[in-house]
Amino acid sequence: GANMCFRLLKVVEAAEALRIKPATVRAWVLRRKINSIRVGRAVRISTDEIERILHDGLRPAIKPTGGGK
């Protein structure tokens, strides 16, 4: 079943959590780069989705290698 143990954030709150502008979050919602939930005319983003974006955006540092594989 669906995990219903998450909070819903307003666009502004989601933007603050991601340290980006609300306009960017709204653009991502329009382009479906970010999963959103519509409640009437209001748009909400789950905290689970914020965590997914942060996890997907994580790029491990490249470890220096000794030349070969």
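This report describes helix packing, a surface patch and selected residues in a predicted model.

Two packed helices are described by the angle between their axes and the distance between the axes. Here, the axes of helix α1 (residues 11-18) and helix α3 (residues 47-57) come within 11 Å and cross at roughly 30°. Because angles under 35 degrees count as roughly parallel, α1 and α3 are roughly parallel to each other. Their crossing is right-handed.

Helix α3 also contains Asp 48. Asp 48 is partly exposed, with a relative accessibility of 33%. Its C-alpha lies 9.8 Å from that of Asn 35, and the two residues are 13 positions apart in sequence.

On the surface, Leu 8, Ile 37 and Val 39 make a nonpolar patch of about 220 Å². Val 39 belongs to strand β2, which spans residues 37-39. The relative accessible area of Val 39 is 48%, so Val 39 counts as partly exposed.

Most residues other than glycine have a negative phi. Arg 19 departs from this pattern, with a positive phi near 60°, and Arg 32 likewise has a positive phi near 60°. Arg 19 is located in the loop between α1 and α2 (22-30), whereas Arg 32 is located in the loop between α2 and β2. Arg 19 is exposed, and Arg 32 is exposed as well.

The relative accessible areas of the residues discussed are set out below.

| Residue | Relative accessible area | Class |
|---|---|---|
| Arg 19 | 73% | exposed |
| Arg 32 | 76% | exposed |
| Val 39 | 48% | partly exposed |
| Asp 48 | 33% | partly exposed |

Technical notes. Residues numbered from 1 in each chain as written. Predicted model: local features only at pLDDT ≥ 70, side-chain atom pairs only at ≥ 80, totals over all residues. Heavy atoms only, no water. Patch = residues over 30% accessible without salt bridge, like charges linked within 9 Å, V, L, I, M, F, W, Y side chains within 5 Å. Areas by Shrake-Rupley, 256 points an atom, 1.4 Å probe, with all protein chains shown as cover. Salt bridge = Lys/Arg side-chain N within 4 Å of Asp/Glu carboxyl O. Helix = DSSP H or I, 4+ residues; strand = E, 2+ residues; numbered from the N terminus. Buried < 20%, exposed > 50% of the residue type's maximum accessible area, 1.4 Å probe, protein only. Axes fitted to C-alpha atoms, helices over the stretch in contact; angles between N-to-C directions. Parallel < 35°, antiparallel > 145°, perpendicular 65-115°, else oblique. Left-handed = near helix turned anticlockwise from the far one by under 90°.
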